[in-house]
Amino acid sequence: MSYDSSNPEPLVSPHSLLSLARSPGASRAGACDETADGQGGFPAQAIARLRRAGHLAAPLPEALGGAGLCEPARVDALRALLTEIGRDDLAVGRLFEGHVNALALVLRYADTAVAERLARDAAEGQLFGVWNTEPAEGGLVLDGADGLEGVKTYASGAGFVTRPLVTARIADGRRLMLVLRLEPGERADLSDWRVHGMRTTATGTVDFSGLGLRDGEVIGAPDDYWRQPFFFAGAWRFLAVQLGGIEAVLETHRAHLSATGRADDPHQQARFGRAMVAAETSRLLVARAARLAAAEADHPERVIAYVNLARAAVEQAGLDVITLAQRSIGLAGFLESHPLERLMRDLATYLRQPAPDFALTGMAAHALAADEPPHALWPDEAAPRAAERVG
């Protein structure tokens, strides 16, 4: 992909790299590889294409060999790329979003020398990820001798991510970020990843026992990982990927109606119209959430509240678009040979992000406690000037 620093959108769409079926029953092998949808699979060919195209380095600043996609001025380009990849394959989108998240944390918190070393790894094609989830007992601990003991769970790309960013508890209870250097295939257990959708994300448990600081890099200071608004507001990135999944379901819905000669039916038009409203609403909300999060110009709580608003809306939109497509397509959409079948499973699974009720009620509590009326919480920059002209 080539980038133009004066244009916030990519000049060449990543959609040209990863093909999406445009008609019912068509193969999606370009996106999902020939491993299809098997339990424990991994989209190795798609990740290799992203690597060859330079997308694994694209989040880095230009000075470090990237395209600057983690810079605030490039947020629209990053959002577009995440959505395009998610539209082609949500599993690939999930893995790429984790890669971007890890590099964003490195660029934000790591010392210059550490950031430069890890940037070289990314430029060479190493796949990064963020693995923070762990069991109540047996989580990752850094002992006084700089050794690691414990595991991370729900680690997407386990066995394939070679530069995971993890948090490890230290003696005073705080947590320190580390990027560890792993070899492909080591320390990963995928045996429990038997899931409805997102099967090819290779999500599993990784045991870091026996490793230590010598095997990686320290990123920032203890508890930097949870600094706000970056921690919560960064959810906009997975929303951008989910938006791609919504758009893929929408396009498959449209293609099916066209292929079956039912696009002129008013009942089908009504369902498809509602799906269009849901998708376009999501697109606008995600775009604004991304810009607010990147700018960090407002109070952190207000930025987080808007991203959480977008979270709630995108989740509901995704569920609605799935239901509308199912109603329109009917039983055919549940056949494994139909492209909708995997799309709706992957999207429904990926929509299950942590603490949705916490995000929704936190946003509502912020709005209820604010001094401003709801319409003034996140004003458009142009709105005051327009009101002045009218007055």
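Helices and strands here are DSSP runs, helices of at least four residues and strands of at least two, numbered from the N terminus. The model is a predicted one, and the close-ups below go through it place by place.

**View 1. A cis peptide bond sits between Gln228 and Pro229.** Look at the loop between β9 (216–219) and α6 (230–233), and you'll find Pro229 there. The bond leading into Pro229 from Gln228 has an omega near 5 degrees. For background, most peptide bonds are trans.

**View 2. Tyr154 and Ala355 both have a positive phi.** Most residues other than glycine have a negative phi. Tyr154, part of strand β4 (residues 151–155), has a phi near 50 degrees. Tyr154 is also exposed, with a relative accessible area of 60%. Ala355 belongs to the loop between α10 (339–350) and α11 (356–369), and its phi is about 50 degrees. With a relative accessible area of 42%, Ala355 is partly exposed.

**View 3. Helix α7 is largely enclosed by the rest of the structure.** This helix takes in residues 236–259, 24 residues in all. From its first C-alpha to its last it reaches 34 Å, close to the 34 Å expected at 1.5 Å a residue. Why call it enclosed? Because 21 of its 24 residues are buried. Just past the helix, keep an eye out for Gly261, which follows α7 and has a positive phi near 70 degrees.

**View 4. Arg291 and Asp76 meet in a salt bridge.** Side chains of opposite charge can pair when their charged atoms come close. Here the N to O distance is 2.9 Å. The two partners come from distant parts of the chain, 215 residues apart: Arg291 is in helix α8 (residues 266–295) and Asp76 in helix α3 (residues 75–88). Arg291 is partly exposed at 43% relative accessible area, whereas Asp76 counts as buried at 12%. By the rule used for this model, the count comes to 24 salt bridges.

**View 5. Arg342 pairs with Asp89 in a salt bridge.** Their closest N and O atoms are 3.6 Å apart. Arg342 lies in helix α10 and Asp89 in the loop between α3 and α4 (90–109), so the pair ties together parts that are 253 residues apart in sequence. Arg342 counts as buried, at 8% relative accessibility, and Asp89 counts as buried too, at 2%.

**View 6. Arg117 and Glu217 form a salt bridge.** The closest N and O atoms are 2.7 Å apart. Arg117 sits in helix α5 (residues 112–123) and Glu217 in strand β9, 100 residues apart, so to speak of distant parts of the chain is fair. At 32% relative accessibility Arg117 is partly exposed, while Glu217, at 10%, is buried. Now widen the view: Arg117, Asp121, Arg163, Arg181 and Glu217 are linked in a network of salt bridges.

**View 7. Thr200 and Ala91 come together from separate stretches of sequence.** They are 109 residues apart in sequence and 6.1 Å apart in space, C-alpha to C-alpha. Thr200 is in the loop between β7 (188–189) and β8 (204–207). Is Thr200 buried or exposed? At 2% relative accessibility, Thr200 counts as buried.

**View 8. Four residues make a negative surface patch.** They are Asp143, Asp146, Glu149 and Asp207. Glu149 is in strand β3 (residues 148–149) and is partly exposed, with a relative accessible area of 49%.

Terms used:
Residues numbered from 1 in each chain as written. Predicted model: local features only at pLDDT ≥ 70, side-chain atom pairs only at ≥ 80, totals over all residues. Heavy atoms only, no water. Patch = residues over 30% accessible without salt bridge, like charges linked within 9 Å, V, L, I, M, F, W, Y side chains within 5 Å. Areas by Shrake-Rupley, 256 points an atom, 1.4 Å probe, with all protein chains shown as cover. Salt bridge = Lys/Arg side-chain N within 4 Å of Asp/Glu carboxyl O. Lys, Arg positive; Asp, Glu negative; His and termini not counted. Charge placed at Lys NZ, Arg CZ, Asp CG, Glu CD. Buried < 20%, exposed > 50% of the residue type's maximum accessible area, 1.4 Å probe, protein only. Expected span 1.5 Å × (residues − 1).
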